[in-house]
Each structure stands twice: as C-alpha cells, then as structure tokens.
Amino acid sequence: MKQNRIKTRYLVNFAALIVLFAVVVGMGMLGGNTMKLKIAPSVWQCSYLIIMAASLNLVLGFLGQLSLGHCGFMAVGAYAAALISLAFQRAGFYTEKAGAAFFLVLLISIAAAGVSAALLGLLVGIPALRLKGDYLAIITLGFGMIIVNVINNLPFCGQQGLSQGSASSALYASGLGFSNDEKMQYLWVAGLAVILCMTCMFMFVRSKYGRAIRAIRDNEIAASASGINVSYYKVLTFTISAFFAGITGALYACCNAALATSSFSFTNGSILNSVFIVVMVVVGGMGSLTGSVIAAVVLFLLNYTIKNGAWVSALPAFLQNVFTYPMLVYSIALIIVIMFRPRGIMGSREFALCDIPQWPGRIKAYFTSRAAGKAARKEGKSHG
Amino acid sequence: MAEVKTPVLETKHLGISFGGLHAVQDFNIQMNAGELVGLIGPNGAGKTTVFNLLTGVYVPTEGTVLLNGVPLNGKKTHQFVEAGIARTFQNIRLFNDMTVIENVKVACTKDMHYSLLDATFRTPKFWKAEKEVTDRAMELLEICGLADKADILSSSLPYGQQRKLEIARALATNMKVLLLDEPAAGMNPTETAELLSCINTIRDRFGVAILLIEHDMSLVMNVCERIQVIDYGLTIASGLPEEIANNPRVIAAYLGE
Ligand SMILES: Nc1ncnc2c1ncn2[C@@H]1O[C@H](COP(=O)(O)OP(=O)(O)O)[C@@H](O)[C@H]1O
Ligand SMILES: [Mg+2]
C-alpha cells in the first residue's frame with residue numbers, strides 16, 4: 001500500500017546513505033595519511049553544515065520565517081559542549097579521548113549543547129516571533145551579533161578554561177577537540193548525529209506539527225481560523241530548530257582543537273555564516289529537508305575545491321582570478337540556481353533514489369513547461 | 001413554565017470602530033442549533049467585519065460574543081475555533097502549497113493529542129490519530145464533493161472547488177456555528193446549486209447553526225429561515241425572508257436612496 005511505498009523510499013535512501021558513508025570512510029582509512037587529512041575534517045564539517053541547513057529549513061522553509069542568526073545558536077552549543085567536557089576533564093572523569101567514560105561525556109556534551117541552545121531559542125523566540133518578515137530578520141541578525149559579543153565577554157569562556165581569558169584564543173586542547181586520528185576514529189559519531197537529527201526532523205515535519213507550520217507559512221490568518229495556535233507553533237519550531245543548531249555546535253567543538261567566537265560571527269568570511277546557511281536552504285529548496293542536505297554538501301564541496309582544488313589552476317587565467325574571490329563564485333552559483341529553479345533545486349519535494357527512473361520524464365516536462373511559459377509571455381507581449 | 005433554551009450563538013451590542021468609522025454598531029443576533037440565518041447588506045455594510053468580530057480576528061470595542069451562554073471576551077482566534085466557531089473567507093485563503101486533504105487535516109490539529117515524542121517514535125498513538133484524521137478528512141471531502149481531488153495541490157483546484165474546500169476545512173474543526181462569507185461568489189449556476197445541496201447536507205448531518213453572508217438574493221431567500229440586514233454597520237431589519245423582501249428600508253438600502 002501507500003504506507004509501504006513510503007517506507008521503501010526511506011529504506012532505499014537510508015541504505016544508499018550508509019553505503020556512501022562507508023565508501024567515504026573506507027577511502028579515509030585505506031587512502032593513507034593525506035587522504036585521511038582530507039576526508040576526516042571534511043566529513044565532520046559536512047555533518048554540521050547539513051544539520052545547520054536542515055534545522056534552519058524548519059524555520060525558513062516550513063514555518064516561513066526569515067531568521068538570520070542561526071549561527072548564534074551554534075555558538076552557544078559549541079561553548080556549552082566545550083565547557084562541560086572541559087569541566088569533566090578537569091574533574092578527572094576521563095584522561096584520554098577513548099573509552100566508556102569519555103563517550104559518556106561526549107553524549108552529555110552534545111545533549112547539553114542542544115538543550116542550552118533550545119532554551120535560548122525559546123527565550124529569544126517568544127518576543128522575536130511577534131514580529132514578521134524584515135523585522136524578524138533584523139532582530140535575529142542582531143541576536144546573532146549580540147550572542148557572539150556576550151560569549152566574548154564571559155569570563156569563563158576564555159583561554160584559561162573555566163577561570164579567565166579571552167574567548168578568541170584556543171579554548172581547550174584538552175577538552176573535546178579531536179586530533180586528526182580521533183576525528184577519523186569518531187567519524188561514526190558525526191554520521192550517526194546526522195542520521196538521528198535528520199530522522200527527528202523528518203518525523204517532526206511529517207506529523208501534525210509539520211502540517212500546522214506549513215499552514216502558518218501559507219496563510220497565517222487561515223491557520224488561526226483553523227484552530228492553530230500560531231504563536232505556540234512558531235515558538236516551538238524556533239526552539240526545535242535552535243536545539244539542532246546547538247547540536248551542530250557540539251560537533252563543531254569536536255572537530256576543532258580551538259574555539260573562537262569569530263567563527264560564528266556574522267562577518268565570518270567562511271562557509272559557516274548565518275547568511276550562508278540561508279543560502280543553502282534557498283538553493284536546496286525551502287521546505288525540502290533532503291534539498292538542504294544536498295545543498296549543504298554541494299556548497300561545501302564547492303567551497304573546499306575552490307580553496308584546495310587542483311581544478312582551479314587548470315582553468316584559464318581570468319577565471320582563476322574570479323575564483324580568488326569565492327564569495328563572487330557563490331553569488332553567481334546562487335543566481336544561476338534561482339534563474340532556473342526559483343524554488344531551489346528540490347523545491348518542496350524530497351529527494352528519493354526510487355524516483356530516479358522518473359527523472360528524464362520530469363526534466364523533459366520541466367523544459368517543455370518552460371518553453372510553453374516563454375511562448376505564452378511572448379504572445380502576451382505582442383498582444384499588449 | 002416553558003424551558004428557556006440558551007442560543008448556541010448570541011451577541012450583545014457587538015460593535016467596533018476604526019478611528020472615527022463605526023464599522024459595526026449594536027449588532028445583536030441569536031442563533032439556535034440547526035438554524036440557517038442570512039446576513040445581507042450592501043457592499044461595505046460591515047458583514048465581513050461582523051465575521052471578524054465573531055472569530056476574534058478583530059477585538060470588539062463594545063459588546064460581547066457568547067457561545068452557549070459563555071462569553072468569549074479576550075480570546076484569540078484559535079480559541080474561538082476551539083470553542084466552536086468556524087468560518088470561511090470572502091477572499092479565499094487556502095494553504096496553497098499543501099494538498100487538498102492536508103488543508104482539511106490542518107483544521108483537525110486541535111483534536112489530535114499526540115505529543116512530539118509520539119511523533120518522533122511513531123508510536124501506535126500517532127498512527128491511530130493520523131488514521132482517524134485521514135478517514136475524517138476523506139469523509140468531509142466526500143460531503144463537499146472533493147474526494148477524488150484529495151491528493152492534488154489546493155491551488156490547482158478550480159475556483160468553485162476552492163470555495164468548497166474552505167467549507168470542508170471549516171467543517172473539520174468540529175464547530176457548533178459555521179460562518180460562511182459569500183460562499184457562492186464567482187460561482188456559476190451549476191456550482192451554486194451544488195453548493196446549496198452541500199450546505200443543506202451540512203445542516204442536516206451536523207445540526208450546526210449556519211450564518212451565511214450572500215449576495216445572491218435568490219439563494220438567500222431560498223435557504224435561510226431568517227435574515228438580518230445591515231447597512232452602514234447598523235441592523236436595519238431582521239425577520240423572515242418574505243418580510244425582508246418587502247421591507248421598504250431594505251429596498252431603499254439596496255437601491256440607494
Ligand atoms: N481593519 C480595518 N480598518 C479600517 N476599516 C475597516 C477595517 N476592516 C473593515 N473596515 C471598514 O469597515 C467597513 C465594512 O467593511 P466590510 O465588513 O468588509 O464590508 P462588507 O459588508 O462588504 O463585508 C468598510 O467601510 C471597511 O472599509
Ligand atoms: Mg465582505
């Protein structure tokens with residue numbers, strides 16, 4: 001029946017994901033040291049970017065509210081995880097990054113990161129979500145900036161661990177931060193985190209909660225006239241989204257030996273930037289969680305290859321110059337996507353491997369409808 | 001002694017002003033279960049504003065709305081719906097990026113009591129609630145003649161069916177009072193006839209009180225048991241259809257003095 005078909009779709013996707021993950025990990029393990037240096041950090045980065053994009057999609061794509069401070073929640077999660085793991089380490093609960101004790105600390109840190117970010121999300125969401133559109137964007141933008149400064153000025157977030165110091169220097173070589181070997185060894189933690197978080201988000205979206213928030217996105221007045229408590233669902237979604245952003249913070253803390261607030265700030269030129277996460281959601285498709293996953297991975301790879309890629313130096317000279325300004329490349333990529341797929345790569349569909357046989361037909365239909373649209377516009381012009 | 005029945009819906013001196021404009025003043029109505037009352041008046045008379053007052057979209061500057069004798073002052077729109085007042089919109093407001101059946105299911109959300117954990121772990125409670133809602137939504141779509149369109153996007157429905165979907169969605173809230181704002185607007189005679197039978201089915205089957213705003217006079221005169229007429233926010237007449245049809249003030253309001 002229908003239910004069974006959905007189950008197969010999920011299972012096929014899931015199996016493919018496991019295979020992909022196994023291949024990547026296998027490459028890292030067998031490919032020697034240089035390969036390991038490339039693969040391990042990349043998988044960790046991908047894992048937090050994926051969860052960041054998907055969790056923002058809950059607010060941006062499903063609830064339809066523009067939030068520009070998502071990295072603020074990640075920062076809170078990162079610092080919460082770092083501080084807690086450090087506290088355990090100082091208390092002598094674990095000495096080396098292995099064994100059951102360390103693993104327990106890892107779990108506690110990740111949970112604490114999620115919960116602290118969620119609490120903050122609740123606190124920020126209750127007043128902020130009374131506003132809409134541009135105003136909400138400005139408030140959340142402000143939040144993202146403020147939180148970084150707050151953390152910067154907290155006495156216990158600095159160099160000297162829980163006592164003193166400035167936050168923009170190394171926080172805790174002795175805390176969670178993994179070496180390259182450990183990153184490789186704990187790669188499954190990153191993979192598992194992605195799978196669990198994505199599953200939870202899917203379950204949320206495919207339930208009365210998901211229906212309610214999509215209804216709010218489509219028409220707020222009609223949603224409340226259908227008995228939806230709009231403010232409750234808005235704050236709930238915002239809080240859940242912040243929870244997952246907090247978890248990505250913990251992942252970030254794991255794969256970086258040093259923690260600095262500047263990595264989460266708005267002016268951060270790297271791919272980890274609240275605005276860039278918005279771009280991922282838009283490119284992937286607002287309202288498509290799998291779209292967010294695809295966009296996060298694609299944009300990560302683009303960013304990675306521009307920075308480290310051999311293919312850039314193979315390009316003609318003038319193009320090489322363009323690629324020295326990665327932001328320019330992203331803008332062009334974004335414009336191209338928006339031109340051809342105004343609703344993102346996936347729109348509001350979910351990606352399913354089972355659908356691939358239907359792709360040629362869909363692509364054909366896409367171009368015929370585009371051509372028809374163009375012809376209709378021309379027709380309209382010549383009449384007007 | 002005759003038993004005094006509390007009306008399902010009652011308003012007392014309901015009114016609202018926007019700045020200096022008295023959009024609705026001293027609006028009083030009493031409706032019993034199963035009654036179909038028409039609310040008519042020229043454009044801009046304040047009919048839609050009355051609906052907005054009855055659903056908590058606007059906060060009245062005076063007066064109260066009572067449902068089964070319980071005042072609803074200070075409640076929010078979704079609480080009006082929980083109490084049992086549902087409505088449709090004059091300018092259609094569907095959830096455009098959702099399927100037809102999802103549009104109906106949204107309105108069942110308030111009666112679904114599973115938690116976030118139930119949803120995450122897909123407990124039997126979750127499946128049971130979802131199945132019940134799917135069945136219920138299909139049943140309502142059946143009544144409104146949309147069962148075969150359940151899985152298409154609501155925005156791709158033709159206009160007349162979009163209006164019917166709005167009604168199905170309102171029904172899904174399990175209301176005691178149904179407010180229909182110009183449901184036949186823009187419909188052709190066949191669609192209007194279908195709508196009429198749909199409204200009658202609803203009243204017979206659910207025993208709800210229906211308040212109907214409509215411009216199509218023949219429709220109003222045909223189906224409504226009572227009619228209330230407003231003009232410039234004031235009630236100028238109320239009574240049986242034939243009384244209204246012959247009321248000089250109503251005729252003057254419609255023809256313009
Ligand atoms: N939110 C509002 N602010 C100001 N004026 C309003 C508002 N809502 C309605 N009105 C005014 O109230 C009057 C009645 O409008 P309405 O109830 O929509 O009339 P109709 O009987 O055609 O449905 C109109 O003059 C309209 O301009
Ligand atoms: Mg109106």
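1. B:Y232 is exposed, with a relative accessible area of 68%. The label follows because exposed means over 50%. The residue sits in the loop that joins strand 9 (226-231) to strand 10 (234-239) of chain B. Its phi is near 45°, which is a positive value in a residue other than glycine. The model is a predicted one, and this applies to every point below.

2. Most residues other than glycine have a negative phi. A second exception in chain B is B:R122, whose phi is positive at about 45° although the residue is not a glycine. B:R122 is placed in the loop between helix 4 (116-121) and helix 5 (124-143) of chain B. Is B:R122 buried or exposed? With a relative accessible area of 18%, B:R122 is buried, because the limit for buried is under 20%. B:Y232, by contrast, counts as exposed. Both residues lie in loops, B:R122 between two helices and B:Y232 between two strands.

3. Which residues coordinate the magnesium ion (ligand 2)? They are B:T48, through OG1, and B:Q90, through OE1, at 2.0 to 2.1 Å. The pair links distant parts of the chain, 42 residues apart. B:T48 belongs to helix 1 (residues 47-54) of chain B, while B:Q90 belongs to the loop between strand 6 (85-87) and helix 3 (100-106). The list of donors should be read with care, because water is not among the atoms and sites may look incomplete.

4. The two magnesium-coordinating residues can also be described by their accessibility. B:T48 has 25% relative accessibility and counts as partly exposed. B:Q90 is partly exposed as well, with a relative accessible area of 32%. Both labels hold because partly exposed covers the range between under 20% and over 50%.

5. Chain B as a whole contains 10 helices and 10 strands. Its C-alpha trace spans about 65 × 45 × 40 Å along the principal axes. Why does the radius of gyration of chain B agree with a compact globule? A compact globule of 257 residues would have a value near 18 Å, and chain B has 19 Å, so the two agree. Of the 257 residues, 52% count as buried. Among contacts between residues at least 6 apart in sequence, 69% join residues at least 24 apart.

6. The surface and charges of chain B come next. The chain exposes about 11,400 Å², and carbon and sulfur atoms supply 53% of that area. There are 23 positive and 30 negative side chains, with the centres of the two sets 6 Å apart.

7. Chain A has 16 helices and 0 strands. The C-alpha trace of chain A spans about 80 × 55 × 50 Å along its principal axes. The radius of gyration is 22 Å, which agrees with the value near 21 Å for a compact globule of 384 residues. Buried residues make up 48% of the 384 residues. In chain A, 78% of the contacts with a separation of 6 or more are between residues 24 or more positions apart.

8. How much area does chain A expose? The figure is about 17,700 Å², of which carbon and sulfur atoms supply 70%. Chain A carries 28 positive and 9 negative charges, and their mean positions are 7 Å apart.

9. A:M52 is one residue to look at inside chain A. A:M52 lies in helix 2 (residues 32-62) and is buried, with a relative accessible area of 0%. Leaving aside neighbours within four places in sequence, A:M52 is in contact with A:H70, A:C71, A:M74, A:A245, A:T248 and A:I277. A:M52 and A:V281 are 229 residues apart in sequence, yet their C-alpha atoms are 9.4 Å apart in space.

10. A:A296 is another residue of chain A that counts as buried, at 0% relative accessibility. Its place is in helix 12 (residues 289-308). Not counting residues up to four places away in sequence, A:A296 touches A:L49, A:I50, A:A53 and A:M280. A:F143 is 153 residues from A:A296 along the chain, and the C-alpha atoms of the two are separated by 23 Å.

Conventions. Residues numbered from 1 in each chain as written. Chains lettered and ligands numbered in written order. Heavy atoms only, no water. Helix = DSSP H or I, 4+ residues; strand = E, 2+ residues; numbered from the N terminus. Rg over C-alpha atoms; globule rule 2.2 N^0.38 Å. Buried < 20%, exposed > 50% of the residue type's maximum accessible area, 1.4 Å probe, protein only. Contact = heavy atoms within 4.5 Å. Areas by Shrake-Rupley, 256 points an atom, 1.4 Å probe, with all protein chains shown as cover. Lys, Arg positive; Asp, Glu negative; His and termini not counted. Charge placed at Lys NZ, Arg CZ, Asp CG, Glu CD. Donors = N, O, S within 2.8 Å, 3.2 Å for Na, K, Ca; no water.
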